[in-house]
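Colleague: Could you take me through this structure, salt bridges to begin with and sheets after that?

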Amino acid sequence: MHHKSIEDLAFQQVLSQIQAMALSEEGRTELPKLPFLYDKESLGKRQTQLASLLRLRSLQPNTSLSSFPSVAEQVKHLSDPRFSLEGSELYDLGWYIRSSHQLHQFCHSALDDGTTFAVLHPLMGESFSQELLTLAQAIEDTLDASGQVKESHPALRTLRKQVEAAKQERSRYCNQFIQRNKEAVQSDQEALRDGRLVIPVRSDRRAAVQGFITSTSSSGSTVFMEPYALVEMNNSVVMAQNQILIEIAKILAELNAKAGMCRLELIDLLAKVGRTDALLSIAQWTENYDAHATDLSCDQVNLLEARHPLLGKKAVPISIKLDEVIKAVVISGPNAGGKTVTIKTVGLFALLNQFCGYLPAKEGSSLPLFDNVFTDIGDEQSIEAALSTFSGHMKQVGMILRSISSRSLVILDELGSGTDPVEGSAIARSTLEYCLQHAALTLVTSHHGVLKQFAYAKQEVINASMEFNEHSHLPTFRVIQGLPGESHALDTARLMLLPDEVLAKAEQYLGSEAVQIGSIIKDLEAKRRELEREEREMHQRFLALQREVKEIQLKELRIKQRETQLKQEQTTSLNRFLLEKRKELENLVSDLKQGELTKTKTKSVKTFVQTIEEKVKLSEQELGEAEEALEEDTSGEDVVLSEGMDVLCGTAKREGKILKDLGKGRFLVALGSMRMTLKASQLSVPKRQETAVSVMFQSSAAEPKLTLDVRGMTLEQALAALDTQLESALVHGMTTFSIIHGYGDGILSKGIGEYLRSQRSVKDHRFALPEDGGMGKTYVML
């Protein structure tokens with residue numbers, strides 16, 4: 001990719017974000033060396049590697065990979081006999097090997113089904129070097145975290161005992177000397193000077209002590225002496241300590257020799273860690289920035305809510321979708337409206353796509369693979385090169401036009417600006433025409449109306465604009481495809497508090513035609529927003545209908561599953577019962593054939609029959625309970641049944657009225673003069689209730705009673721109550737009710753019967769069923 005494009009599009013800053021997530025210096029160094037990929041096969045392989053690393057991280061969320069110390073210089077020095085690694089450097093080398101082994105195991109982690117991601121195996125190799133593990137173990141056994149040889153090392157244990165013994169003997173001699181020469185010594189404690197014990201002796205008594213004077217106090221009143229015997233003891237301690245240093249040097253030399261023998265393996269390990277850590281840091285970056293793999297099967301520009309990674313939370317998602325025939329986009333709109341950020345986002349995403357195949361955008365985004373990306377963004381003015389703004393732009397554009405190919409992406413910001421508008425427009429149009437013929441895709445930002453008109457005239461070019469809020473007079477940074485944008489210079493000037501006189505003259509100089517075009521564009525934008533709103537509402541309604549359909553389908557599936565389960569359970573239970581009873585029956589028949597028929601045998605047969613009858617009753621009960629439960633599941637799906645509702649009953653669809661809800665899906669229903677208890681599944685609503693026609697009326701009549709009790713009344717009172725009942729029943733649409741009049745001497749029964757026969761509204765009347773009152777109660781049908 002062109003180096004200036006990488007600089008203009010801030011790819012290096014994004015790469016720095018990725019490098020910050022690397023665990024090793026080799027990974028940070030390897031990242032800039034990773035090549036941009038130009039074919040789908042190579043890019044698909046890199047996508048697969050990253051997807052595998054992301055999958056492993058998700059399956060092992062608690063696994064924390066160790067960081068890697070910097071050991072490149074240490075490995076380099078292993079081949080030079082003039083250098084010897086210190087203990088801390090050797091410890092870092094062992095730490096690096098252990099971290100590398102952990103990374104190797106991570107890349108070879110097995111999934112639940114026992115398989116591994118084979119695409120990751122080449123990164124760290126199929127197997128880890130046993131020589132390196134042996135070296136790491138030797139370093140860990142020898143050195144502590146500070147790089148010092150451990151106190152418990154076998155080679156030093158004896159030497160340290162010898163040092164301690166010599167020190168104890170020396171201390172014992174000093175204590176004895178001080179006790180014997182109290183008048184000569186200055187203190188009852190020996191002193192330590194340069195690692196040697198000395199006796200503080202009074203200056204005026206130094207002649208009494210035979211030995212060497214090593215130093216004096218600042219006042220001169222005390223001299224520090226080593227008696228001749230103490231000199232030898234100090235020498236013994238120093239020699240013993242030197243022996244430890246010699247042994248430590250031998251141990252470190254042995255570790256250096258072992259590390260030198262693994263130099264080639266270490267060089268290879270650094271390379272493996274570098275390329276693995278580079279990909280691992282990219283995977284971490286994609287996870288942190290919610291990036292998704294691009295769709296390599298699509299060669300179109302289709303960015304869905306793309307977020308510039310350097311803008312953080314301030315990034316406004318950008319969505320751009322271009323058909324295959326589109327080869328150029330002219331983006332216009334207000335200053336500071338996001339035109340440059342938009343084209344930079346597309347260019348940066350083109351680089352990121354061919355670097356790792358992942359973009360911080362919604363899943364399903366795609367981009368073509370370009371052989372190069374060329375940009376002209378920013379001010380190319382240069383005092384040293386004697387270039388003006390326009391000259392600087394033309395120099396860069398000239399280089400681009402000489403370099404592009406049919407697979408190149410060209411990004412030109414403010415094309416044709418910095419010079420006379422007429423001439424700049426002409427150059428901008430001719431440049432865009434050249435790019436149409438020689439480049440794969442060209443993105444142009446411009447305020448020139450000529451380019452907007454050119455985009456309308458060419459099928460392979462489209463206009464796009466940056467949305468502008470008419471109320472706040474501020475940009476929204478949303479991309480609108482298909483519409484050119486206004487510069488909104490007057491709105492911006494008005495927002496910056498330019499005098500009204502200046503703005504009025506500017507509008508006058510602008511001309512009515514330009515104002516009219518601006519109004520047309522505003523109307524188009526308003527219609528677009530209205531269509532977007534309607535589209536969102538339609539989509540919400542579509543999703544709601546989808547949810548309802550899914551719920552209904554789920555209920556149907558649940559009912560079918562329940563029915564199947566009941567049938568299977570019933571069949572299994574009956575088969576088991578029949579098998580048991582068949583054997584029992586065979587035994588009974590065999591007993592009956594043998595000998596005489598006795599009471600015991602008869603009782604056995606009766607018991608057998610009774611068992612079968614009980615089983616049948618139990619099965620019927622279970623079936624009834626299952627049907628009730630099934631009715632509860634299905635009740636309320638089509639219509640809610642309630643008291644007073646007219647319904648059709650049974651398969652014959654006889655008309656009836658619900659008198660009472662008995663619960664558990666059962667209802668008391670009046671069928672003419674009969675009352676029956678029916679299940680909800682046996683009831684349906686007449687179609688006439690679904691019609692939209694209704695009649696509204698008002699009446700002062702009281703609510704009719706389902707049962708009119710006239711016992712204890714005179715005939716006159718009973719007929720008055722019956723007359724009121726008939727009127728109320730007719731007003732409220734009741735078609736049947738009953739009258740309890742009792743037996744008595746038959747006056748009420750006879751009088752009520754004659755009265756009902758004289759009423760035209762009474763269709764029929766009859767005495768009740770014996771179990772419901774018999775001749776003491778009369779059913780009335782209207």
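Colleague: How many salt bridges does a search of the whole structure find?

Modeller: This is a predicted model. The search covers the whole structure, and the number of salt bridges it finds is 15.

Colleague: Take the salt bridge between the side chains of Lys-40 and Asp-299. How many residues apart are Lys-40 and Asp-299?

Modeller: The N to O distance in this salt bridge is 2.9 Å. Lys-40 is in helix 4 (residues 40-59), while Asp-299 is in the loop between strand 5 (292-293) and strand 6 (302-306). The pair therefore links distant parts of the chain, and the separation is 259 residues.

Colleague: Is Lys-40 buried or exposed, or in between?

Modeller: Buried would need under 20% relative accessible area, and exposed over 50%. Asp-299, the partner in the salt bridge, has 48% and is partly exposed. Lys-40 has a relative accessible area of 36%, so the class is partly exposed.

Colleague: Asp-268 and Lys-272 also meet in a salt bridge. What separation along helix 11 do Asp-268 and Lys-272 have?

Modeller: Their side chains meet at 3.2 Å, N to O. Both residues belong to helix 11 (residues 263-288) and are four residues apart, so the separation is about one helical turn.

Colleague: Which class of accessibility does Lys-272 fall into?

Modeller: Asp-268 is partly exposed, at 39% relative accessible area. Lys-272 has 16% relative accessibility; the limit for buried is under 20%, so Lys-272 counts as buried.

Colleague: Lys-657 and Asp-646 form a salt bridge as well. Which strands do Lys-657 and Asp-646 lie in?

Modeller: The side chains meet at 2.8 Å, N to O. The salt bridge ties together parts that are eleven residues apart in sequence, because Asp-646 lies in strand 15 (residues 646-649) and Lys-657 in strand 16 (residues 654-663). As for accessibility, Asp-646 is partly exposed at 25%, and Lys-657 is buried at 13%. The strands asked for are strand 16 for Lys-657 and strand 15 for Asp-646.

Colleague: Which residue stands opposite Val-647 in strand 16?

Modeller: Strand 15 and strand 16 run antiparallel and are joined by four bridges. Strand 15 also pairs with strand 19 (residues 683-684), in the antiparallel sense over two bridges, where Leu-648 stands opposite Ser-684. Opposite Val-647 in strand 16 is Gly-656.

Colleague: Turn to the open sheet with the order 20-21-23-22. Which strands stand at the edges?

Modeller: This sheet has four strands and mixed pairing. A strand at the edge has a single partner strand, so one side is left without a neighbour in the sheet. That applies to strand 20 (707-709) and strand 22.

Colleague: What is the bridge partner of Asp-709 in strand 21?

Modeller: Strand 20 and strand 21 (residues 736-740) pair in the parallel sense over three bridges. The bridge partner of Asp-709 in strand 21 is Ile-740.

Colleague: At what angle does helix 20 run to strand 21?

Modeller: Helix 20 (residues 715-731) lies across strand 20 and strand 21. Helix 21 (residues 747-757) packs on the sheet too, touching strand 21, strand 22 and strand 23 (777-781), with its direction at about 160° to that of strand 22. For helix 20 and strand 21 the angle is about 165°.

Colleague: Which residues make the nonpolar surface patch with Phe-767?

Modeller: Phe-767 sits in strand 22 (residues 764-767). A patch residue needs over 30% relative accessible area, and Phe-767 is partly exposed at 40%. The patch is about 360 Å², and its other members are Tyr-743 and Met-775.

Colleague: By how much are neighbouring strands turned against each other in the sheet with the order 1-2-4-3?

Modeller: This open sheet has four strands with antiparallel pairing. Strand 1 (191-193) and strand 3 (211-216) stand at its edges. Direction ignored, the average turn between neighbouring strands is 50°.

Colleague: Which residue stands opposite Ala-191 in strand 2?

Modeller: Strand 1 and strand 2 (residues 196-202) pair in the antiparallel sense over three bridges. Opposite Ala-191 in strand 2 is Val-198.

Technical notes: Residues numbered from 1 in each chain as written. Predicted model: local features only at pLDDT ≥ 70, side-chain atom pairs only at ≥ 80, totals over all residues. Heavy atoms only, no water. Patch = residues over 30% accessible without salt bridge, like charges linked within 9 Å, V, L, I, M, F, W, Y side chains within 5 Å. Areas by Shrake-Rupley, 256 points an atom, 1.4 Å probe, with all protein chains shown as cover. Salt bridge = Lys/Arg side-chain N within 4 Å of Asp/Glu carboxyl O. Buried < 20%, exposed > 50% of the residue type's maximum accessible area, 1.4 Å probe, protein only. Pairing = 2+ DSSP bridges. Contact = heavy atoms within 4.5 Å. Axes fitted to C-alpha atoms, helices over the stretch in contact; angles between N-to-C directions.
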